[in-house]
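Trainee: I have a model open and would like to learn to read it. Can you take me through the main features one at a time?

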Amino acid sequence: MIRFGIIGRNFVVDWMLGAMAAVPGVEPVAICSRNEATGREFAEKNGLGHVFTSVEEMAASDCVDAVYIASPNYCHFAQAEICLRAGKHVLCEKPATLTADETRRLVALAREKNVVFLEAMRFVFDDALDIIEQNLPRIGALRRVTVEFTQYSSRYDRIRAGEKGINAFTPALGNAAIMDMGCYCIHGIVRLFGKPRSVKAVSVKLSSGFEGSGVVLMGYDGFTAEAVYSKVASQIAPTTFLGEDGAILLDDINRTKRVWLQLRKGGTEELGYNEKLPINMTCVLREFADYVERCEQPEKRNQDSVWTMEVIDEARRQTGVTFTE
C-alpha cells in the first residue's frame, strides 16, 4: 500500500481523492496545511488520519510514502525538492516546475534518492493518445497538428469587472495561460513526436500584462504542430491531426469523450475511445503506483516533461512572459 500525503486543498485534490478511491494499492492518509484548523477540517471530511502544518514535517513522517503536490505553481519545485530529499515519492501537478532546469534538477534528485518523481499531466497518460498514435498511418503523411485547450476561466468575469489580486491571474504565483493551459497542448505534442526542431510563439496579453492566450508553433520534419491555448475564450474546434489522406480528431483534451477518423475520400469512423469522466486522473495514478511498486524511474515521462518545459522556456522568452507583477 502506498500511503499518500497531500499538499493543497483545491478542486484538483478532490479529483485526485476520487482517483485514489478507485485505484487499488494507494491510500490518502495525510494533509499538509499551513492553517491547522482548516487542515483538520479537510482531514475529517476526507477520512485522513494525519495533519501537518509544514512540508518538512510531512516529509519527515514515517506515515507517508508518497506526496501528491497540488499547490500553486510557484510552490511546486521547493516542495517537491524537500519531499524527494526526504526519500518520498512525488506526484506533482502540472506544470511540475516553472523552468526546464528545475525539472531536470528534480528528476536527477529522484534518481539519486531512488524514489519516483512524476508530473501529473493528465492528458498524456490517457489512452486517447495511444489510439491516435496507432491510427496515424491511416491518414498518410502527417502535415499539420493542432492541439487546442481554450477555456474561459471561471474567474475571468471578475477580471473584466476590474477586480485585482485574483490568484489565477497573478504572474507572481507562476501563472500564465501557457503554464495553466498551453502546457497540456505542448506536452501532448512532445509525447507523440518528441522534441521539436524549432519553436515560434506569439501571445495575447491582457491590459494588466498577464498572458491571456497564445499559440506555439513547433516544427518537425514534414509537418508543423500548433499548441493553441487560452484562459479568456472557450474552445469550439477539435484537436486535429491532419494527414494527406485524412484526419484524426479529438473533441476536448481536458474532458475527452470522443476520438474519430475522417478519410479524405469519404467515411468517418469512431476509434473506440472509452470515456474516463468524471474521474480521469486514474490513468496517472495507476502508472505512478506501478513505477513505485517496481522501483523504476519513469525515464520517458520525465524526458517529455523536460522537453515540454524547454519549449515553454523558449516560448516565454519570445513572448516576454515572466512571473513578476
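Mentor: Start with pairing. Two strands pair if DSSP finds at least two bridges between them. Keep in mind that this is a predicted model.

Trainee: Which residue in β9 is the bridge partner of Lys200?

Mentor: Strands of a sheet pair through backbone hydrogen bonds, either parallel or antiparallel. Here, Lys200 has Leu217 of β9 as its bridge partner. β8 and β9 run antiparallel and pair over 8 bridges.

Trainee: What joins β8 and β9?

Mentor: A hairpin, with 5 residues between the strands. Look at Gly209 in that hairpin: its phi is positive, near 95°.

Trainee: And where does β9 go next?

Mentor: Into another hairpin, this time with β10 and with 2 residues between the strands. Gly222 sits in the turn and has a positive phi of about 90°. β9 and β10 (residues 223–230) are antiparallel, with 8 bridges. Tyr220 has Phe223 of β10 as its bridge partner.

Trainee: Is β9 mostly covered or exposed?

Mentor: Mostly covered. Of its 10 residues, 8 are buried. Helix α11 touches both β8 and β9 as it packs on the sheet. The direction of α11 makes about 55° with that of β8.

Trainee: What is the strand order of the sheet that holds β8 and β9?

Mentor: β8-β9-β10-β7-β11-β12-β13-β14, an open sheet of 8 strands with mixed pairing. β8 (198–205) and β14 (268–270) are the edge strands; each has a single partner, so one side of each lacks a neighbour in the sheet. From one strand to the next, the twist averages 15°.

Trainee: What happens at β12 and β13?

Mentor: β12 (residues 246–250) and β13 (residues 259–263) pair antiparallel over 5 bridges. Ala247 is matched with Gln262 of β13 as bridge partner. Helix α7 (residues 128–135) lies across β11, β12 and β13, at about 175° to β12.

Trainee: What is the order of the 6-stranded open sheet?

Mentor: β3-β2-β1-β4-β5-β6, with parallel pairing. Its edges are β3 (50–52) and β6 (117–120); each has a single partner strand, so one side of each is left without a neighbour. The twist here averages 25° from strand to strand. For one pair, take β1 (residues 2–7) and β2 (residues 26–32): they are parallel, over 6 bridges. Phe4 has Pro28 of β2 as its bridge partner.

Trainee: How do I check a helix, say α1?

Mentor: Compare its span with the expected rise of 1.5 Å a residue. The 12 residues of α1 (residues 11–22) should span 16 Å, and the end C-alpha atoms are 17 Å apart, which agrees. At the start of the helix, a side-chain oxygen of Asn10 comes within 3.0 Å of the backbone nitrogen of Val12.

Trainee: Which residues of α1 are buried?

Mentor: Val12, Val13, Met16, Leu17, Ala19 and Met20. Seen down the axis, the buried residues fall within an arc of 160°, so they line one face of the helix. They pack against several elements, including β1, β2 and α10 (282–294).

Trainee: Last one: why does Arg301 count as buried?

Mentor: The cut-off is under 20% relative accessible area. Arg301 has 15%, so it counts as buried. It is found in α11 (residues 299–319). A polar atom of the Arg301 side chain lies 3.1 Å from the backbone oxygen of Val124. Beyond its sequence neighbours, Arg301 is in contact with residues including Leu118, Phe125 and Glu287.

Key: Residues are numbered from 1 along each chain as its sequence is written. This is a predicted model: local features need pLDDT of at least 70, side-chain atom pairs count only at pLDDT 80 or more; totals for chains, interfaces and linings use all residues. Side-chain values use heavy atoms; hydrogens and water are left out. Helices (H or I, at least four residues) and strands (E, at least two) are DSSP runs, numbered from the N terminus. Axes are lines fitted to C-alpha atoms, for helices over the stretch in contact, and angles run from 0 to 180 degrees between N-to-C directions. Buried means under 20% relative accessible area, exposed over 50%, partly exposed in between (1.4 Å probe, protein chains only). A polar contact is a pair of N or O atoms within 3.5 Å; within protein, one must be able to donate a hydrogen and the other to accept it, and residues adjacent in sequence count only if both atoms are side-chain atoms. Contact means heavy atoms within 4.5 Å. The expected span of a helix is 1.5 Å times one less than its number of residues. The arc is that of the directions from the helix axis to the C-beta atoms. Lists of a residue's contacts leave out its neighbours within four places in sequence.
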